[in-house]
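Me: I am new to this structure and should be grateful for a close look at a single part of it, namely the largest pocket. Please describe what lines that pocket, and then set it beside the other spaces and the cores.

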Amino acid sequence: MARTASLRAPAEPGHRAHPLGERYAASITEVLNRLDEATARALRPEASNVITVSAMPSLASNWLIPRLGSFREHHPELDVRVSVSGHLTDFAREDVDMAIRFGRGNYPGLRTDLLMEEYFFAVCSAALLNNPERPLREPADLRHHTLIYEAVDGVPDYTTWDRWLEAVGVQGVDTSRSPRFTHTYLCLQAAASGQGVALATNVLIGDYLKAGRLVRPFPHQVKGSYQYYVVCPEATADRPALAAFRAWLLDEARAQEAAAEASRP
């Protein structure tokens, strides 16, 4: 579908365009362009076998991509394409069918399903856990260890070590000198190499626990302020391919929750 042409006519020589008219023309052109793109998406054939899903890098690499083989086994006729992005998906502008968002679930105009609740817990290497000189039997023992810190900017109320320690009733732990990393996987890698204790989540822990590269020294965990949601436009939510993919995502999340509860120390 062709883009909407600009509404501004060329100014006559010696004539200055009115600022209000300029702003109005720019605004209405933007609205028409967005309507144009949304219409093109709505007219996409319902039988399309391509699903484009957007997710944050950490979620895509640690949770979604490792599981896609299972979806292909159940639905070989469908092709899933993963778009990695840290910003909110604009369904009217972007060629994305579905997104996994991290937030509070308030997404007007979108079909929203809770995928996973996020819980934070301490993890470390088995060697660090079994060190007789500095045992890790309860959260208070963390004061004798290096805490690996994820530096998260622009996310109010994110669960940091300070908030986690307060929630489990531990005081007097200095986190100001903790080594800081900008991504979850960097924190997990540092912890797996024995550099300290990291704060992990059930969503982004990946296969570290299953493979034995990390262990949970104690069962304490704290629910995060934000959760993960599967969202897509209401107009396309019930298309067979999208419905199948959404159902598979929710099944995978429930299976992970059951497995995590069974393995909790």
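Reply: In this predicted model, 32 residues line the largest pocket, and those nearest its centre are N202, I205, Q256, A259 and A260. The volume of the largest pocket is about 970 Å³. Helix 2, strand 4, helix 6 (208-211) and helix 7 are the elements that each contribute two or more residues to this lining. Helix 7 provides the largest share, with nine residues. Sorted by class, the lining of the largest pocket comprises 16 nonpolar, nine charged and seven polar residues.

Helix 7 also takes part in the interior of the protein. The largest nonpolar core consists of 29 residues, and L59, L64, I100, L115, F245 and L249 have the most contacts inside it. Two or more residues of this core come from each of strand 1 (50-55), helix 2 (57-74), strand 3 (98-103), strand 4 (110-123), strand 8 (222-233) and helix 7 (240-263). Helix 7 again gives the largest share, here eight residues. Helix 2, strand 4 and helix 7 thus appear both in the lining of the largest pocket and in the largest nonpolar core.

F245 shows how this core is joined across the sequence. With its neighbours within four places in sequence set aside, F245 touches I51, V53, L64, L68, F71, V80 and M98. Another core, of 18 residues, lies apart from the largest one; C124, V173, F218 and V222 are among its members.

The second largest pocket has a volume of about 620 Å³. Its lining is made up of 28 residues, with M56, P57, S58, G86 and F102 nearest the centre. Strand 1, helix 2, strand 3 and helix 5 are the elements that give two or more residues to this second lining. Strand 3 gives the most, with four residues. By class, the lining of the second largest pocket holds 14 nonpolar, ten polar and four charged residues. Helix 2 is therefore named for the second largest pocket as well as for the largest.

There are enclosed spaces too. Over the whole structure, two cavities of 30 Å³ or more are found. The largest cavity has a volume of about 120 Å³. F120, E150, Y158, T159 and L199 are the closest to its centre among the 14 residues that line it. Strand 5 (147-150), helix 5 (184-192) and strand 7 (197-201) each supply at least two residues of that lining. Nine of the lining residues of the largest cavity are nonpolar, four are polar and one is charged.

Finally, some remarks on the chain as a whole. The chain contains seven helices and eight strands, and 41% of its 265 residues are buried. Of the contacts between residues at least 6 apart in sequence, 80% join residues at least 24 apart. No disulfides are found in a search of the whole structure. Two cysteines may be named for their burial: C187 counts as buried because its relative accessible area is 4%, under the 20% limit, and C232 counts as buried because its relative accessible area is 1%.

Definitions and conventions. Residues are numbered from 1 along each chain as its sequence is written. This is a predicted model: local features need pLDDT of at least 70, side-chain atom pairs count only at pLDDT 80 or more; totals for chains, interfaces and linings use all residues. Side-chain values use heavy atoms; hydrogens and water are left out. On a 1 Å grid over the protein atoms alone, a cavity is a set of points where a 1.4 Å probe fits but cannot get out, and a pocket is an open set with protein on both sides within 12 Å along at least five of seven lines; lining residues have an atom within 4 Å of a point. Grid points are joined across faces, edges and corners, and a volume is the space filled by probe spheres set on the points. Ala, Val, Leu, Ile, Met, Phe, Trp, Tyr, Cys and Pro count as nonpolar, Asp, Glu, Lys and Arg as charged, and the others, Gly among them, as polar. A nonpolar core is a set of buried Ala, Val, Leu, Ile, Met, Phe, Trp, Tyr and Cys residues joined through side-chain atoms within 4.5 Å. Buried means under 20% relative accessible area, exposed over 50%, partly exposed in between (1.4 Å probe, protein chains only). Contact means heavy atoms within 4.5 Å. A disulfide is a pair of cysteine sulfur atoms within 2.5 Å.
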